[in-house]
Amino acid sequence: MSATAGQRWRMLVGLGLGLGVMLLLWRFPVARRIPELLDWMRGQGVAGAAVFVVVYVLACVLFLPGSLLTLGAGAVFGVGFGFPLVSVSSTLGATASFLVGRFLLRDWVARRASSHPRFAAVERAVARGGWRIVGLLRLSPLFPFNLLNYGLGLTPVRLREYVLASWIGMMPGTLLYVWLGALAGDVAQLASGSRPRSPWEWAFYGLGLLATLGVTVYITRLARVALQESLAIPPAPDVNVPASPNP
């Protein structure tokens, strides 16, 4: 297949996906249905968890906010099961977006990324640091999550390195949001007249939340400093042009 034919094919696929997304959002107000869907998942066991994974992946690909799903997983499944469930789901969603951005919508993603001046620095940093920069990007919220998934598809990072770095880098934030969701779920149960929890249980939840928040903030600050240093690296000189002898 020629380059022109390949570009035309990717354009048609991208147009079809765009029209499909517009139709889906017009016909089904997804964001407003998420709370209802989470309530349905509460009593469905394994089937509910499987549906959650599918919905999370679609949310990543369709640029829908995943924070509500992450909080909802804590409220519905608890921290013990909600955390690994969201961790797997978000990694699969990020991987799906990465592949779409690399192979199907590369030209569209490149145009979107060009409107973010710092993305050129990200591309250079990833070219030099590979998976380490991907991990730092996941720890430091300098770029929108969904756009970053697509944008990293333009970089030379290998798929397996991207998946591993994204999975590990997203863990602290995932744990914090799932914990918050679990705490909010308990508050909702208390307000609805369910079994009240003892002060010791609330103290345990509070201390755990503070510890998780403190660790997340600390890691995020370290990652932000390291990432800013990486993004400040100037581009390498062209190997075909000799460097000037003057400073």
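This briefing covers two residues and the internal cavities of the structure shown above. The model is a predicted one, and every value below is computed from it. Serine 87 sits in helix H4 and counts as buried, whereas arginine 160 belongs to helix H9 and counts as exposed.

**Serine 87**
- Helix H4, in which serine 87 has its place, covers residues 67-104.
- Serine 87 counts as buried because its relative accessibility is 5%, and the cut-off for that class is under 20%.
- Leaving aside residues up to four places away in sequence, serine 87 touches Trp167, Met171 and Thr174.

**Arginine 160**
- Arginine 160 is part of helix H9, which runs over residues 159-169.
- With a relative accessibility of 60%, arginine 160 counts as exposed, since that class requires a value over 50%.
- Between arginine 160 and tryptophan 131 there are 9.2 Å in space, taken from C-alpha to C-alpha, while the two are 29 residues apart in sequence.

**Cavities**
- The model holds three cavities of 30 Å³ or more, and the largest cavity contains about 70 Å³ of space.
- The lining of the largest cavity consists of Ala113, His116, Phe119, Phe143, Pro144, Leu147, Leu148 and Gly151.
- Helix H8, which spans residues 145-151, supplies three residues, the largest share of the lining of the largest cavity.
- By residue class, the lining of the largest cavity is made up of six nonpolar and two polar residues, with no charged ones.

Note on methods:
Residues are numbered from 1 along each chain as its sequence is written. This is a predicted model: local features need pLDDT of at least 70, side-chain atom pairs count only at pLDDT 80 or more; totals for chains, interfaces and linings use all residues. Side-chain values use heavy atoms; hydrogens and water are left out. Helices (H or I, at least four residues) and strands (E, at least two) are DSSP runs, numbered from the N terminus. Buried means under 20% relative accessible area, exposed over 50%, partly exposed in between (1.4 Å probe, protein chains only). Contact means heavy atoms within 4.5 Å. On a 1 Å grid over the protein atoms alone, a cavity is a set of points where a 1.4 Å probe fits but cannot get out, and a pocket is an open set with protein on both sides within 12 Å along at least five of seven lines; lining residues have an atom within 4 Å of a point. Grid points are joined across faces, edges and corners, and a volume is the space filled by probe spheres set on the points. Ala, Val, Leu, Ile, Met, Phe, Trp, Tyr, Cys and Pro count as nonpolar, Asp, Glu, Lys and Arg as charged, and the others, Gly among them, as polar.
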